[in-house]
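Please open the structure in a viewer and keep the selection tool at hand. The tour proceeds by stops, each beginning with a selection.

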Amino acid sequence: MKILLTGGAGFIGSNLADGLLNDDRVTEVRVLDNLSTGSLDNIKHLNKDPRFTFIQGDIRDYETCLQACDGIDRITHQAALGSVPRSIADPLTSNAVNISGALNVFTAAKEKGIKRIVYAASSSTYGDHPGLPKIEDKIGNPLSPYAVTKFVNELYARVYGQLYGMEFVGLRYFNIFGPRQNPKGPYAAVIPLFVKALMNNEAPVMNGDGEHSRDFTFVANAVQANIKALFTENKEAVNQVYNIACGERTTLNELFAMLKEEAGSQLNQLYGPERAGDVKHSLADISKAGELLGYTAAVPIREGLKQAYRWYAQNPDRL
């Protein structure tokens, strides 16, 4: 099959490109990315593979999406502007990329007769629902513009599936981390920031008291989920959304302690104000993904942290 991978120069997307090109069922991986948050450094090692092609383009342009969909069998849509704080600072751009851009991809797929789209959804969709663990059919009100955009993706996927006979699989990611995650810029994720702090021997500042907890998920687990969703032959598995996580909760304090152990550091963290729009605790029930997709959290958090730390240690220029 020929796969279109939007956002394939990004952190998750580039890891997914590697996974797809290691799959015998894949004859082409076509990456579409505008490089606003992605990097050519993430995919330059793929240029020698004749099955790999790169298109620099923006999903906000419908004609670009149409051209990218030519001859494609299935799509994995990873392109988005992540980050709750970024969406609070600039909701218009988050909306344009995450809603209008996704709609362009979905509509171009419809026009080109592409039946199945796997798309990156988000745990932010659970919003203010207090229940733990998070179960797919129980959501609350969104707490940020970013959360709104990712919920709208799910709504469009449901409607397009019903109206046009398409197959959609939404993957609600829970705090994905791993190699190539960017620690630079104002909206960097917490794990690469902690790693950078440890390598520079500079105390990191946590938002709040460090007791916020997340279901941190190594990127290889997200890659596995995408590939299983792209190729599943279980008809009950499509037109669904799934939690993609480990099913374990780790506080920021515990997370930093594990990284300190890996680094052999005695550095202590500092604490700052809580961040607007943040959910206090997050934990996924991953049983649905296991039952319908055959997903397993193959790489637990401690092993994932070891792999991530070693990658940054071997690639200090990426910090």
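The stops below concern a pocket, a residue in its lining, several salt bridges and a leucine. The model is predicted.

**The second largest pocket**

Begin with the second largest pocket, whose volume is about 230 Å³. Of its 16 lining residues, those closest to the centre are E154, R158, N239, Q240 and V241. Next, colour α5 (145-164), β6 (167-173) and β11 (240-244), each of which supplies at least two residues of the lining. Helix α5 gives the most, with 6 residues. By character, the lining divides into 7 nonpolar, 5 polar and 4 charged residues.

**E154**

Select E154, which is placed in helix α5. Is E154 buried or exposed? Its relative accessible area is 4%, and because this falls under 20%, E154 counts as buried. Now display its surroundings: beyond its neighbours within four places in sequence, E154 is in contact with Y119, A121, T125, R172 and V241.

Among these contacts, keep R172 selected. E154 and R172 form a salt bridge, with the closest N and O atoms 2.7 Å apart. This pair links distant parts of the chain, as E154 belongs to helix α5 and R172 to strand β6, 18 residues apart. Both E154 and R172 are buried.

**Further salt bridges**

Side chains of opposite charge can pair when their charged atoms come close. In the whole structure, a search finds 17 salt bridges.

Select D209 and K280, whose side chains meet in a salt bridge at 3.4 Å, N to O. D209 lies in the loop between β8 (205-207) and β9 (213-214), and K280 in the loop between β13 (270-272) and α9 (287-293), so the pair ties together parts 71 residues apart in sequence. D209 is partly exposed, at 38% relative accessible area, and K280 is likewise partly exposed, at 32%. Then select K115, R116, E167 and K235, which are joined into one network by salt bridges that share partners.

Move on to D41 and K44, another salt-bridged pair, with the closest N and O atoms 3.7 Å apart. Here D41 is partly exposed, with a relative accessible area of 39%, whereas K44 is exposed, with 53%.

**L319**

Finally, select L319, in the segment after α10 (301-314). L319 is buried, with a relative accessible area of 17%. Outside its neighbours within four places in sequence, L319 is in contact with P183, K184, P192, V195, K196, M199 and Y312. To end, draw a C-alpha to C-alpha distance from L319 to L143: the two are 30 Å apart in space and 176 residues apart in sequence.

Terms used. Residues are numbered from 1 along each chain as its sequence is written. This is a predicted model: local features need pLDDT of at least 70, side-chain atom pairs count only at pLDDT 80 or more; totals for chains, interfaces and linings use all residues. Side-chain values use heavy atoms; hydrogens and water are left out. On a 1 Å grid over the protein atoms alone, a cavity is a set of points where a 1.4 Å probe fits but cannot get out, and a pocket is an open set with protein on both sides within 12 Å along at least five of seven lines; lining residues have an atom within 4 Å of a point. Grid points are joined across faces, edges and corners, and a volume is the space filled by probe spheres set on the points. Helices (H or I, at least four residues) and strands (E, at least two) are DSSP runs, numbered from the N terminus. Ala, Val, Leu, Ile, Met, Phe, Trp, Tyr, Cys and Pro count as nonpolar, Asp, Glu, Lys and Arg as charged, and the others, Gly among them, as polar. Buried means under 20% relative accessible area, exposed over 50%, partly exposed in between (1.4 Å probe, protein chains only). Contact means heavy atoms within 4.5 Å. A salt bridge is a side-chain nitrogen of Lys or Arg within 4 Å of a carboxyl oxygen of Asp or Glu.
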